[in-house]
Amino acid sequence: MRGPRPEDFETNPSTPITGQPTPTYPAGARKKGVGVRTWLVLCSRGQAQTTEVGKHAIMRRTGLPARDLRILDPLLSYPSTVLGRERAIVINLEHIKAIITAQEVLLLNSKDPSVAPFIDELQRRILCHYHATKPKVEEENYEGETRRSMDQARGGDGEQGDEAKKDAKQSLENQDGSKVLPFEFVALEACLEAASSSLESEAVRLELEAHPALDKLTSKISTLNLERVRQIKSRLVAITGRVQKVRDELEHLLDDDEDMAEMYLTEKLAQKLENSSTSSMNESDTVEVDLPEGDEDDRVPAEFASESNRDESYLRAHDDAHDLLMSTHSALSRNSRGTHTSSTRSAMTNKFDVEELEMLLEAYFVQIDGTLNKLSTLREYVDDTEDYINIMLDDKQNHLLQMGVMLTTATLVMSAFIAVAGVFGMNITIELFKDEKAGPTRFMWTVIGGFIGSIFLYVGAIGWWKQKRLLE
């Protein structure tokens with residue numbers, strides 16, 4: 001087979017070797033980058049937007065490492081997982097693959113028909129949360145507030161962190177003053193409810209199919225009924241493993257307070273904004289250095305300062321501001337790289353009250369545990385049916401063995417009678433074979449006697465085996 005000719009390639013003028021052939025690609029072949037996927041973004045106001053971004057853009061947006069994003073890859077098979085990171089929560093529960101931040105939710109498989117009801121329910125919950133935490137005045141003047149907050153962020157130094165913290169605290173309070181769940185917990189609750197409801201409905205559907213099939217198999221053992229029960233048992237094992245994995249994941253979160261503390265994204269964001277504003281205020285205070293007390297004659301007036309001194313002070317102030325911005329940016333963009341260092345630091349410096357999240361996880365843990373108990377009960381019923389079927393088959397096998405013993409005994413007795421007939425069939429001369437002396441009467445008595453003797457032998461053998469408990 002011949003390869004492509006040089007005329008089929010375009011020469012790449014940027015290559016060091018002039019005239020080196022490079023393959024031509026159709027239009028739009030390289031338009032879509034590697035790892036670009038379609039994500040559905042739901043903001044805190046309940047608005048949905050579909051966007052196509054790559055892996056690195058998601059990593060920069062959420063602060064997640066690449067190995068956490070592999071958990072959401074639909075081409076790879078990962079068990080159910082709930083991970084709490086510095087700036088996001090990774091959710092991989094059944095058909096739900098999402099990333100939850102303090103302000104938005106990113107869904108990967110939004111085009112899946114099974115995810116459509118979950119998206120509607122999630123939007124409804126986010127809208128209810130938004131209306132519960134934001135007054136109507138802020139909803140009407142949203143654009144004006146956003147513009148004023150941007151102006152204050154440019155002009156103010158310490159007011160930015162205070163207002164951000166105040167807004168974060170206000171988002172946790174209802175209009176009537178009652179406390180509501182943070183945004184990330186609202187989204188997490190929707191994911192847990194969708195996953196648990198899906199598993200429970202599948203378990204109920206399997207239970208409705210299993211009981212009639214098992215009862216039918218008990219009444220009549222056939223190949224068709226056995227095949228139906230085998231398929232039901234395979235589905236039961238698969239769904240039990242999935243439910244068990246979700247239960248173990250929730251139990252692991254409930255047993256570790258540090259992992260639960262990592263999921264308080266809103267409070268961590270408010271704390272970081274407060275720390276950054278405090279550090280900026282301290283930095284601005286350190287820039288204003290008072291001159292030491294002394295003679296006024298020793299002080300050099302500002303108008304007589306040389307040009308080089310002014311340039312040097314300007315550069316020093318510029319470097320200090322640049323260092324401050326870099327430190328603030330690194331503090332806001334720092335994420336956990338799969339270790340518990342950041343979680344331990346946050347647990348030591350900011351002891352979050354995880355009781356609220358613990359109650360939320362406990363409720364769905366009980367629901368998942370109930371589903372697992374229901375599947376365990378169904379598994380026990382299947383095992384009991386299998387034991388009953390095995391007992392019935394063993395009983396039938398015992399009856400067949402007893403019938404085989406009885407037939408073997410009858411064959412042995414008949415062989416004895418045949419042996420007698422063979423003895424009389426020999427070519428010898430005796431008085432029994434002479435008609436004038438014996439006749440047909442003795443022949444008939446001989447046959448009847450041999451038959452009756454065989455029956456007595458058979459009955460005696462069966463009675464002896466029953467006495468020895470070899471037969472019932």
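Visitor: Is K233 buried or exposed?
Guide: K233 falls between those classes: it is partly exposed, at 24% relative accessibility (buried is under 20% relative accessible area, exposed is over 50%, and partly exposed lies in between, with a 1.4 Å probe and protein chains only). This is a predicted model, in which local features need pLDDT of at least 70 and side-chain atom pairs count only at pLDDT 80 or more, while totals for chains, interfaces and linings use all residues. Residues are numbered from 1 along each chain as its sequence is written, and side-chain values use heavy atoms, with hydrogens and water left out.

Visitor: Which residue forms a salt bridge with K233?
Guide: The partner is E386, and the closest N and O atoms are 2.9 Å apart (a salt bridge places a side-chain nitrogen of Lys or Arg within 4 Å of a carboxyl oxygen of Asp or Glu). K233 belongs to helix α8 and E386 to helix α13 (residues 355-424), so this pair ties together parts that are 153 residues apart in sequence. Helices here are DSSP runs of H or I, at least four residues, numbered from the N terminus.

Visitor: And how accessible is E386?
Guide: E386 is partly exposed as well, with a relative accessible area of 28%.

Visitor: Where does R230 meet E227?
Guide: Both residues lie in helix α8 (residues 223-255), and because they are 3 residues apart, about one helical turn separates them. Their side chains meet in a salt bridge of 2.6 Å, N to O. R230 is partly exposed at 46% relative accessibility, and E227 is partly exposed with a relative accessible area of 33%.

Visitor: What about R247: buried or exposed?
Guide: R247 counts as buried, at 17% relative accessibility. Its side chain meets that of D248 in a salt bridge of 4.0 Å, N to O, and D248 is partly exposed at 33% relative accessible area.

Visitor: Which residues do shared partners join into one network?
Guide: E121, R124, R125, E189 and E193 are joined by salt bridges that share partners. The count of salt bridges comes to 18.

Visitor: Changing topic, which residues touch the most other members of the largest nonpolar core?
Guide: They are I91, V105, L107, F118, L122 and L357, in a core of 59 residues. Helix α7 (residues 183-219) contributes the largest share of this core, 16 residues. Such a core is a set of buried Ala, Val, Leu, Ile, Met, Phe, Trp, Tyr and Cys residues joined through side-chain atoms within 4.5 Å.

Visitor: How many residues are in the other core?
Guide: That core, which lies apart from the largest one, has 14 residues, among them L83, V90, I99 and L106.

Conventions. Helices (H or I, at least four residues) and strands (E, at least two) are DSSP runs, numbered from the N terminus.
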